[in-house]
Amino acid sequence: MALRHAVLAALIEGEFSGYQLAKAFDVGVANFWYAQPQQLYAELARLEKEELVAGREVAQEGRPNKRLFRVTDAGLAELEAFTVASAKPAVIRDDLLVKVQAADRVDTAALVAQLTERADMAQAKIALFGSLLRRLRGDRTEEEFLRHGDRIGPYLTCLRGVAFEQENRDWCTRTIAVLEERRQARARH
C-alpha cells in the first residue's frame, strides 16, 4: 500500500483541509498507516496534480485561506483498483523486538522500562480507539451499527486497531513479567 491509497481512503469521508486530514490520520487512520503531516501535504499535492483529488480555496476572515480536498471520480477509480488488487501480507519491523531478541545477553532494566512505556502507549490507544468506536456508532449497539451503519469501514479498521494494541499491551506485560522473574532468579543465585 502506498500513502496515496490511505489518503484517498481517508478523503472518501468528505472534503478535508490538509490540517483536518492530518487530524483524521492521527485518530483513525494511524491504527493502520502512519504519516507525518508534511508527508500528507506532499501527497495531497501529488494527488491533485494527478487529478485524483480536487482542491479548492476557501477564504477565511482573520485567518489565512485554506484549501479543501475531495476525492475525484478518477481517485475513486484508483481506490477501487487498489481494493481489488491482492493484499501483501503484513510483516513486523519493530526495534523493540530486536532488543527483546538480545535479552539473554544485555541488562534488561532499560528494556523493561521501554516495554512498560510501550504497554502504557498501547493502553492509551485502546482508550482512544474505544472512544472513537463509541462516537462512530452513536447510541446503537455494535451489532446494530455493523448491520445498519452507513459507513462501517472506519469502524472495522478501528476494531483492528483495538485488537492490535491489546495484543501489544498483553505481550509487553507478559514479557516484562518473564524478564523480571528471570532477573530475580539470577539475583537469588
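Modeller: Buried means under 20% relative accessible area, exposed means over 50%, and partly exposed covers what lies in between; these terms are applied here to a predicted model.

Biologist: With that cut-off in hand, is F145 buried or exposed?
Modeller: The relative accessible area of F145 is 3%, and the cut-off for burial is under 20%. Because 3% falls under that limit, F145 is classed as buried.

Biologist: Which residue forms an aromatic pair with F145?
Modeller: The structure holds 1 aromatic pair, and its two rings are tilted, with 4.8 Å centre to centre and 50 degrees between the planes. The pair links distant parts of the chain, 10 residues apart, with one ring in helix α7 (residues 142-148) and the other in helix α8 (residues 153-188). The partner in α8 has a relative accessible area of 0% and is therefore buried; this partner of F145 is Y155.

Biologist: How many disulfides does the structure hold?
Modeller: A disulfide requires two cysteine sulfur atoms within 2.5 Å. The cysteine sulfur closest to that of C172 belongs to C158 and is 20 Å away, too far for a bond. Both residues count as buried, C158 at 0% relative accessibility and C172 at 1%. The number of disulfides in the structure is 0.

Biologist: Which element gives the largest share of the largest nonpolar core?
Modeller: This core has 19 residues, of which V7, L8, L11, L21, F25 and L40 touch the most other members. The elements that contribute two or more residues are α1 (3-11), α2 (18-27), α3 (37-49) and β3 (66-71). The largest share, 6 residues, comes from α1.

Biologist: Beyond its neighbours within four places in sequence, which residues is L8 in contact with?
Modeller: L8 is one of the residues that touch the most other members of the largest nonpolar core. With neighbours within four places in sequence set aside, the contacts of L8 are L47, L52, V53, V71, G75, E78 and L79.

Biologist: Turning to charged side chains, how many residues apart are E15 and R56, whose pair links distant parts of the chain?
Modeller: E15 and R56 meet through their side chains in a salt bridge, at 2.8 Å from N to O. E15, at 32% relative accessible area, is partly exposed, and R56, at 41%, is partly exposed as well. E15 sits in the loop between α1 and β1 (16-17), whereas R56 belongs to strand β2 (residues 53-58), and their separation in sequence is 41 residues.

Biologist: Which residue forms a salt bridge with R118?
Modeller: R118 lies in helix α6 (residues 109-137), and its partner lies in the loop between α4 (73-84) and α5 (95-101), so the salt bridge ties together parts that are 24 residues apart in sequence. R118 counts as partly exposed at 23% relative accessibility, and the partner is likewise partly exposed at 23%. The closest N and O atoms are 2.8 Å apart, and the residue that R118 pairs with is D94.

Biologist: In the salt bridge between R182 and D104, what is the distance from N to O?
Modeller: R182 in helix α8 and D104 in the loop between α5 and α6 are 78 residues apart. R182 counts as partly exposed at 45% relative accessibility, whereas D104, at 61%, counts as exposed. A salt bridge needs a separation within 4 Å, and for this pair the distance is 3.8 Å.

Note on methods: Residues are numbered from 1 along each chain as its sequence is written. This is a predicted model: local features need pLDDT of at least 70, side-chain atom pairs count only at pLDDT 80 or more; totals for chains, interfaces and linings use all residues. Side-chain values use heavy atoms; hydrogens and water are left out. Buried means under 20% relative accessible area, exposed over 50%, partly exposed in between (1.4 Å probe, protein chains only). A nonpolar core is a set of buried Ala, Val, Leu, Ile, Met, Phe, Trp, Tyr and Cys residues joined through side-chain atoms within 4.5 Å. Helices (H or I, at least four residues) and strands (E, at least two) are DSSP runs, numbered from the N terminus. Contact means heavy atoms within 4.5 Å. Rings of Phe, Tyr and Trp (its six-membered ring) pair if their centres lie within 6.5 Å; planes under 30 degrees apart count as stacked, over 60 as edge-to-face and the rest as tilted.
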